[in-house]
Amino acid sequence: DFSAAAVPVAADLARRFGGRVDLLSVVDPDGDREARERELAALTVPGVELTRTVVAAGDPAAAIGEALGTGVRVACMATHGRSRSAALVGSVAHDVITRSRAPLILTCPYVRPVGGGRGVLGCVDPSDTSGAVVPATLEWARRLGEPAVVATVAENVPAPVTGGPVRRAFGPDGDPQRFLDEVVAEAGVEGDVTTRVVEDPISVWSGLYHHLRQRPATLLVVSTRSRRGLARAALGSVAAQIVRHSPAPVLLVRRRPHGEPDG
């Protein structure tokens with residue numbers, strides 16, 4: 001039941017892009033495949049071409065990666081985060097992140113989505129600068145025909161009485177607006193993009209949660225944390241918390257390891 005939360009997200013993208021929705025479910029090799037096929041048959045997506053596939057495999061993430069292949073596909077998954085080792089993101093979703101280079105959109109069924117959203121919101125922080133988030137935000141906004149917003153979440157602390165730059169537990173030190181301006185300039189952005197500083201006293205995920213409640217977005221873009229020296233990525237704890245609490249679907253973009261070319 002949790003996984004069905006991904007279907008409306010996939011359906012919306014399919015309608016916008018003129019694509020189809022491929023429903024994929026993986027069962028254990030000794031599982032009841034026919035029962036799962038009946039469950040998929042009961043799912044309907046009005047106005048969208050639909051395929052249904054049930055695969056028997058011991059490694060769900062590998063089966064998902066094989067289904068994604070090398071074509072132009074976007075994976076939409078719901079995550080319930082029952083695995084402690086996956087940092088609040090389900091272990092299957094976590095493994096898909098580490099193994100696949102396809103765009104991955106996660107939605108958490110525990111969070112009530114906000115309707116009427118518009119725009120693609122990319123969240124950057126000092127550890128990522130422009131990285132992969134800004135280009136992905138602009139590209140998805142262009143394809144969806146929606147506004148692009150690049151934001152950073154900064155702890156709202158008072159200026160030090162002794163002078164000097166503001167130091168924060170999270171978010172950029174100093175002037176966060178200047179930080180955003182530099183990130184956008186470094187990315188060589190062409191086209192309209194809005195920058196926005198989100199202030200919060202608790203955390204990055206808290207700031208984004210409350211911001212998205214007030215200003216719903218079609219998509220939230222965040223980066224994964226790359227493991228330097230390995231051609232794979234692991235989801236950092238901040239990104240995992242964002243996924244866990246976001247009212248909007250979260251597009252995870254792979255943060256390129258040091259020395260890896262764009263592409």
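This briefing covers the overall fold, the salt bridges, a charged surface patch and one buried valine. The model is predicted. The protein chain has 263 residues, and 44% of them count as buried. It contains 8 helices and 11 strands. Salt bridges number 9 in the structure.

**Overall build**

- The secondary structure of the protein chain comprises 8 helices along with 11 strands.
- Contacts with a separation of 6 or more come mainly from distant parts of the sequence: 71% of them join residues 24 or more positions apart.
- The protein chain exposes about 13,900 Å².
- Carbon and sulfur atoms supply 49% of that exposed area.

**The R16 network**

- Side chains of opposite charge can pair when their charged atoms come close.
- R16 and E146 form a salt bridge through their side chains, with N to O at 2.8 Å.
- R16 sits in helix α1 (residues 6-17), while E146 sits in the loop between α5 (133-144) and β6 (148-155), so this pair ties together parts that are 130 residues apart in sequence.
- The two partners differ in exposure: R16 is partly exposed, at a relative accessible area of 37%, whereas E146 is buried, at 9%.
- D12 belongs here too, because a network of salt bridges links D12, R16 and E146.

**Pairs within helix α2**

- Helix α2 covers residues 33-41.
- One salt bridge joins R33 and E37, whose closest N and O atoms are 3.7 Å apart.
- R33 and E37 are 4 residues apart in helix α2, so about one helical turn separates them.
- Both ends of this bridge are partly exposed: R33 has 39% relative accessibility, and E37 has a relative accessible area of 38%.
- A salt bridge also joins the side chains of E39 and R36, at 3.5 Å from N to O.
- E39 and R36 are 3 residues apart in the helix, which again puts about one helical turn between them.
- R36 counts as partly exposed, at 27% relative accessibility.

**A negative patch on the surface**

- Four acidic residues gather in a surface patch of negative charge: D175, D181, E182 and E186.
- Residues in such a patch have no salt bridge.
- E186 lies in helix α6, which runs over residues 176-186.
- Is E186 buried or exposed? E186 is exposed, because its relative accessible area of 55% is over the 50% cut-off.

**V149 in strand β6**

- V149 is placed in strand β6, which spans residues 148-155.
- V149 counts as buried, because its relative accessibility of 10% is under the 20% cut-off.
- Which residues does V149 contact, leaving aside neighbours within four places in sequence? They are V120, L121, G122, T137, T194 and R196.
- One of these contacts, T137, falls in the residue range of α5 (133-144).
- L220 is 71 residues away from V149 along the chain, and their C-alpha atoms are separated by 9.7 Å.

**Points to locate in the structure**

- Start with R16 in helix α1 and E146 in the loop before β6; their salt bridge is at 2.8 Å.
- Then view helix α2, where R33 pairs with E37 and R36 pairs with E39.
- Next, find E186 in helix α6, along with D175, D181 and E182 of the negative patch.
- Finish at V149 in strand β6, a buried residue in contact with residues including T194 and R196.

Notes: Residues are numbered from 1 along each chain as its sequence is written. This is a predicted model: local features need pLDDT of at least 70, side-chain atom pairs count only at pLDDT 80 or more; totals for chains, interfaces and linings use all residues. Side-chain values use heavy atoms; hydrogens and water are left out. Helices (H or I, at least four residues) and strands (E, at least two) are DSSP runs, numbered from the N terminus. Buried means under 20% relative accessible area, exposed over 50%, partly exposed in between (1.4 Å probe, protein chains only). Contact means heavy atoms within 4.5 Å. Accessible areas come from the Shrake-Rupley method with a 1.4 Å probe; for residues, only the protein chains shown count as cover. Patches are made of residues with over 30% relative accessible area and no salt bridge: like charges are joined within 9 Å, nonpolar side chains (Val, Leu, Ile, Met, Phe, Trp, Tyr) within 5 Å. Lys and Arg count as positive and Asp and Glu as negative; His and the chain ends are not counted. The place of a charge is taken as NZ of Lys, CZ of Arg, CG of Asp or CD of Glu.
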